[in-house]
Amino acid sequence: MHDPLVVAFEIRRPWPKRIKAGKTLPASLRWPSMITVWHREPNGHDAGDVCKQHSRYQDAEGKWQWKFHHGWRFHIHHWSIQVPALQAVRRRVLTRCAWCGGRSVKGDQVNVSLQWDGPRGRWWRGEPGLYHQDCSSIDRAHATCVCEHPVLEYDGYGRCARCDAYRAYGTPDEALDRARELKAIPAGGRRHG
């Protein structure tokens, strides 16, 4: 996958965060990042294309060897600095769900995106195009064709001529039943309970 970003280094916070134990995993400690420094490849090239991170060569015996280069990490002019604590404050204070307009709160965060490279918001505004987990499901259900006898573009999938919604290829009946339930929720509404 094409991505111009790679982590150059992180500055971790000195106090740990305790991760709750699961059914099969014991409780553990983690040191989250306070600051993450990303290296952005020039002109949008894939990471490592311009600022080489490693090279491959054959030694005298004909075996392939790898040589790792670390100088790319110090290309200060390519840095993009991320502060997760400020991102969390911005998301909590400014970001609203694109479906219901609700806030991001602990236990019900607005952190689901339905796109890979969405528009970036200004730093003093919330992030556009984010949803609560259940709101994203409801939004997708409202965009899904749930007609009993659809008139689809292709054989079994595509845009429906009756409702102008889309049905994915090979959608099982259980998924359509679930989409019908979620589509009954009015626009901007949420499930409770």
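Which residues lie nearest the centre of the largest pocket? They are Gln82, Gln87, Arg90, Arg120 and Glu127. The model is predicted. The sections below start from this pocket, then move through strands, cores, cysteines and single residues.

## The largest pocket

The largest pocket holds about 1400 Å³ of space. Its lining counts 31 residues. Strand S4 (33-40), strand S7 (79-82), helix H1 (84-93) and strand S8 (112-113) each give two or more residues to that lining. H1 gives the most, with four residues.

## Strand pairing

S4 has pairing partners in S1 and S7. With S1, S4 pairs in the antiparallel sense over seven bridges. Ile11 stands opposite Ile35 in S4. With S7, S4 again pairs in the antiparallel sense, over four bridges. Here Trp38 has Ser80 in S7 as its bridge partner. Both S4 and S7 also help to line the largest pocket.

Strand S5 (residues 54-58) and strand S6 (residues 64-68) are antiparallel too, and pair over five bridges. His54 stands opposite Phe68 in S6. The two strands form a hairpin, with five residues between them. Gly62 sits in the turn and has a positive phi of about 90°.

## The nonpolar cores

In soluble globular proteins, nonpolar side chains tend to be buried together. Here the largest nonpolar core has 14 residues. Cys97, Trp99, Tyr131, Cys135, Ile138 and Leu182 have the most contacts inside this core. At least two core residues come from each of strand S9 (130-131), helix H2 (133-142) and helix H3 (173-183). A second, separate core has five residues, including Cys145, Cys147, Cys160 and Ala165.

What does Leu182 touch, leaving aside neighbours within four places in sequence? Its contacts are Ser137, Ile138, Ala141, His142 and Arg191. H2 has the buried residues Asp134, Cys135, Ser136, Ile138, Asp139 and Ala141. These buried residues pack against S8, S9 and H3.

## Cysteines without disulfides

How many disulfides does the structure hold? The count is zero. For Cys147, the nearest cysteine sulfur is that of Cys163, 3.6 Å away. A disulfide needs the two sulfur atoms within 2.5 Å, so a pair at that separation does not qualify. Cys147 belongs to the second core. Elsewhere, Cys51 is buried, with a relative accessible area of 6%.

## Buried residues outside helices and strands

Pro4 is found in the segment before strand S1 (5-12). Is Pro4 buried or exposed? Its relative accessible area is 16%, so Pro4 counts as buried. Not counting residues up to four places away in sequence, Pro4 touches His39, Arg40, Glu41, Gly44, His45, Asp46 and Ala47. Ala47 is 43 residues away along the chain, yet the C-alpha atoms of Pro4 and Ala47 are separated by 4.6 Å.

Thr144 lies in the loop between H2 and strand S10 (158-159). Thr144 has a relative accessible area of 19%. The cut-off for buried is under 20%, so Thr144 is buried. Beyond residues up to four places away in sequence, Thr144 touches Ala165, Tyr166, Ala179 and Lys183. One of these, Ala165, is in the second core.

## Exposed loop residues

Lys106 is found in the loop between H1 and S8. Lys106 has 75% relative accessibility, so it counts as exposed. Lys106 and Arg92 are 14 residues apart in sequence. Their C-alpha atoms are 8.8 Å apart in space.

Asp164 is in the loop between S10 and strand S11 (166-167). Asp164 is exposed as well, with a relative accessible area of 53%. What is notable in the backbone of Asp164 is a positive phi of about 60°, although this residue is not a glycine.

How values were computed. Residues are numbered from 1 along each chain as its sequence is written. This is a predicted model: local features need pLDDT of at least 70, side-chain atom pairs count only at pLDDT 80 or more; totals for chains, interfaces and linings use all residues. Side-chain values use heavy atoms; hydrogens and water are left out. Buried means under 20% relative accessible area, exposed over 50%, partly exposed in between (1.4 Å probe, protein chains only). A nonpolar core is a set of buried Ala, Val, Leu, Ile, Met, Phe, Trp, Tyr and Cys residues joined through side-chain atoms within 4.5 Å. Contact means heavy atoms within 4.5 Å. Two strands pair if DSSP finds at least two bridges between them. On a 1 Å grid over the protein atoms alone, a cavity is a set of points where a 1.4 Å probe fits but cannot get out, and a pocket is an open set with protein on both sides within 12 Å along at least five of seven lines; lining residues have an atom within 4 Å of a point. Grid points are joined across faces, edges and corners, and a volume is the space filled by probe spheres set on the points.
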